[in-house]
Amino acid sequence: MGLAYRYTFQRRLPYLLLAPSVIVLLALISYPLAFALRNSFWFWNLQMGPAPLYYSGLDNYRMVFQVTPFAVALKNTLLLGFLGTFAQFWFGMGIALLLHTHLRGMGLMRAALIMPTTLAPVVAGFLFRYLLEPKGGLLPWLLAGIGFPVPPQGFLGNANTALFSIGLVDTWQWTPFFAIVLYAGLLSINEEIKEAAQVDGATQWRMFWSITLPLLRPIAAFLVMIRFMQLFNSFDLVFVLTSGGPGTASRTLSFNLYREGLVNYNIGTTAAMTWIVVIIVSVIINLYLFFIYRKREW
Amino acid sequence: MSKQGISRRDFLKVGGAASAALAGASPLGSLARVAAQGDTAINVLTVGDPWDLALQSVTDQFTEATGITVNIESLGYTALQARLVNAFLTQSADADVIAVDQMWISQYADNGWIRSLDDFISMDSDANFDDFVPECLYSLSTWRNSVWTLPIASYAQGIMYRTDLFEAAGIDPLPSSVADAGMWTWEDYFGILEQINGVDLDGTSMYGTTVIGAQPVPVVHMYSQLSASYGTRWFTQFPEAPWDFTPTINSDANLAALNDWKRLYELSPPESINYLWFDAGTRFSQGDIGMFYHWTPYFYLVNNEGYLTGTPSPVVDKFETAVLPTLTAGGDQVVSLGGWSLGMPSTSANQEAAWQFIKWATGSEAQKAMGEVNVKGYQFADFSRQSNYDDADLNAIYPFLGTQLEMMKLGDGKVVRPPAPIYTSLEGVYGLQINQAMSGQVSSEQALGTTQTLFENILRGNQMIPYGVDSFDDTLENTKALQASLSGM
């Protein structure tokens, strides 16, 4: 075996070893997307027939906007995604900083924090459905006790508070996840950097913005991206808590997809909606990555 | 449309071997015909409704009589539909007997996913097919002049009201029979609600009523009753031929109904805008609702404090049932008739055993046995057979059966919620608009205008306007004729 051949082989070996995984991964991603793309141009409604009936051009895309409450679902989904991620990040950051103070009882707190994230969202949904029940629910009772205006139809039954309530339950469940991961990030920061800043007279506030946050940036950026995508696909909580109501007040894109796909069995429209969602999420995530990592390699 | 039948030869092979055992046998004796199948097992997919609990409690009787093992699996409504459709699309023999919602019949039958039961019925005299209440068959089981399923639980709608509250408020009892309901109108109904709303009864501030407000399906189930009583029809012509699915949902009658529906909501707990079926029933059983209308299973379910809990509710012996009012005194009435039936997937490998089970479970004896099951209270009175309504034992347990049967006889499941193809898509947008009107997000006029537009878009998008497929004159009279024909009459 010649030296040049061995060199070439060794250079290509990693690619060869990676190839099966990459091919399988691409197939798993691309096949369903390609299948959905093809279906999005066909009239295929299982209520009308078991197989695609005819090529329908862009009709399914038109139906998404004409028949389903797509615009309001998109608005709700974006609100839930952005506000939920924002709230969970900052609450999580606050808790992580608190854990990092090494106060008494923080060990127990760390163990307890993980508990909400271990609950299935459906279970959390049912739990809060009872807690938010206007007739006898604990939260309305407590809030009414401190003079907070509780809507007569309950937080889940009021068009102004239903989506907010879903976000609140999601925040209750997933803030600890942020807290624990950010706490792990805080532990990884070299204390000497902070000590040097302290010697230079930096305040705690300045140290947080100039040292802690920048050093947490890679992990925080990843966390935010993952949670935003999860929130963008929120279904379980919406289904259990409000079923998208009242009216369309808490309707999300995932709930729209569920209705169109698993209730109406309109495969063509569902496929078109899937592709619209894929495009929206891809644009948001790529813009996010561009701004977060534009000066870094990732 | 595919309509499969078993061959006469196959049927006679099984039937002939058992025919000698039929004469003079006990009610279950006729099932001995399949005893030879010995180790046969069938899989039954049902839905977690109250009747399922009763059915599971008596299924051993079927196994004892036939030797056929029955594996019952209960799923939620959406899960059942998803599982069935997946099984049909992949042509896998997931189950031998399935619970079918009346709204799925047209889809399943037209796609050939379930098989017609006509041949089984016509060749099996002990099916006692003529005993079924025709309105139940018509609403739950027939499509294009074939019987695809047999009803196992039929639901009409009717009124429940608090007798102690009525007495305290000096209001006369409501009519429990159509014969006594000549002057009983929806305006009377609203008048009573306004009179009892806010009344203090033994320290409890009463709501006049409660609605089922959750969108999209639950609210349609309750609203469509009021709307149909007011004369609303969904389409220009259906189920009578020729079918014309041009929507007529934005009508003066429906506008009046929606405005009155909002009045109903104003007399209900505010949170009922999110109520599912059992939420409304449970609220009545908790004691602060004066009167409401609902599906007839709640005639017995409200005896429980919670849904199927078995704990007696505070309203036991304090409520009565009544017939629904009409729009005008002595005017026409149409009652929502829904429920569940049992069908046979075309892919079933045990079709004879499956038929035996369907026949048994929907038969008069098994239905009576289900009605007599007393686990956590009596939990089944959703009969579809005249003989069960005439049964003295059952009437002693369920004293409201007379009222329920009268509502059934006025029932028309093909008008109130027409089981036309793509019904579920229409119901989805309709329920959403009603709910939005209740919450004040849109006006009644806007809600119905939007519904009309969306109906047209959906129906045109699905090639239902104009309707290019053959229609069938799907009337109650034709179902009665089919029933007589299959009964050998």
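**Exercise 1. Strand E7 and its neighbours**

Determine with which strand E7 (residues 157-162) of chain B pairs over four bridges, and in which sense; then establish how strand E7 of chain B is placed with respect to burial.

*Solution.* Step 1. In this predicted model, the partner over four bridges is strand E13 (residues 319-322) of chain B, and the pairing is antiparallel. Within E13(B), the residue opposite Ile159(B) is Ala322(B).

Step 2. E7(B) also pairs with strand E12 (residues 291-295) of chain B, in the antiparallel sense and over five bridges. Here Gln157(B) has Trp295(B) of E12(B) as its bridge partner.

Step 3. A residue is taken as buried if 20 or more other C-beta atoms lie within 10 Å of its own. By this criterion six of the six residues of E7(B) are buried.

Step 4. The burial concerns both faces of E7(B): one side carries Gln157(B), Ile159(B) and Tyr161(B), the other Gly158(B), Met160(B) and Arg162(B).

**Exercise 2. The five-stranded sheet**

Give the strand order of the open sheet of five strands in chain B, and state which helices pack on it.

*Solution.* Step 1. The order is E2-E1-E3-E14-E6 in chain B, and the pairing is mixed. Strand E2 (69-75) and strand E6 (149-155) of chain B are the edge strands, each pairing on one side only. From one strand to the next, the twist averages 25°.

Step 2. Strand E1 (residues 41-47) and strand E3 (residues 97-101) of chain B are joined in the parallel sense by two bridges. Across this pair, Leu45(B) faces Ile98(B) in E3(B).

Step 3. Helix H3 (residues 77-89) of chain B packs on the sheet and touches E1, E2 and E3 of chain B, with its direction at about 135° to that of E1(B). Helix H13 (residues 351-361) of chain B also packs on the sheet, touching E1, E2, E3, E6 and strand E14 (338-343) of chain B; the direction of H13 makes about 45° with that of E1(B).

**Exercise 3. Domains and their contact**

List the domains of chain B and describe the contact between domain 1 and domain 3 of chain B.

*Solution.* Step 1. Chain B is divided into domain 1 (8-155 + 338-414), domain 2 (157-200 + 278-334) and domain 3 (212-267 + 417-474). A distance of 30 Å separates the C-alpha centres of domain 1 and domain 3 of chain B.

Step 2. Nine residues of domain 1 and ten residues of domain 3 of chain B take part in the contact. On the domain 1 side, helix H4 (105-110) and helix H18 (413-416) of chain B each give two or more residues. The largest share there, three residues, is that of H4(B).

Step 3. By residue class, this side of domain 1 of chain B consists of two nonpolar, five polar and two charged residues.

**Exercise 4. The contact between the chains**

State how many residues each chain contributes to the contact between chain A and chain B, and which element of chain B gives the most.

*Solution.* Step 1. Chain B contributes 28 residues and chain A contributes 30 residues.

Step 2. On the side of chain B, at least two residues each come from H3, helix H19 (423-439) and helix H20 (444-461). H19(B) gives the most, with eight residues.

Step 3. The side of chain B that touches chain A comprises twelve nonpolar residues, 15 polar and one charged.

Definitions and conventions
Residues are numbered from 1 along each chain as its sequence is written. Chains are lettered from A and ligands numbered from 1 in the order in which they are written. This is a predicted model: local features need pLDDT of at least 70, side-chain atom pairs count only at pLDDT 80 or more; totals for chains, interfaces and linings use all residues. Two strands pair if DSSP finds at least two bridges between them. Axes are lines fitted to C-alpha atoms, for helices over the stretch in contact, and angles run from 0 to 180 degrees between N-to-C directions. Two residues are in contact if their C-beta atoms, placed from the backbone, lie within 7 Å. Ala, Val, Leu, Ile, Met, Phe, Trp, Tyr, Cys and Pro count as nonpolar, Asp, Glu, Lys and Arg as charged, and the others, Gly among them, as polar. Domain bounds come from an automatic or database domain assignment. A residue is buried if 20 or more other C-beta atoms lie within 10 Å of its own, exposed if 12 or fewer, and partly exposed in between; C-beta atoms are placed from the backbone.
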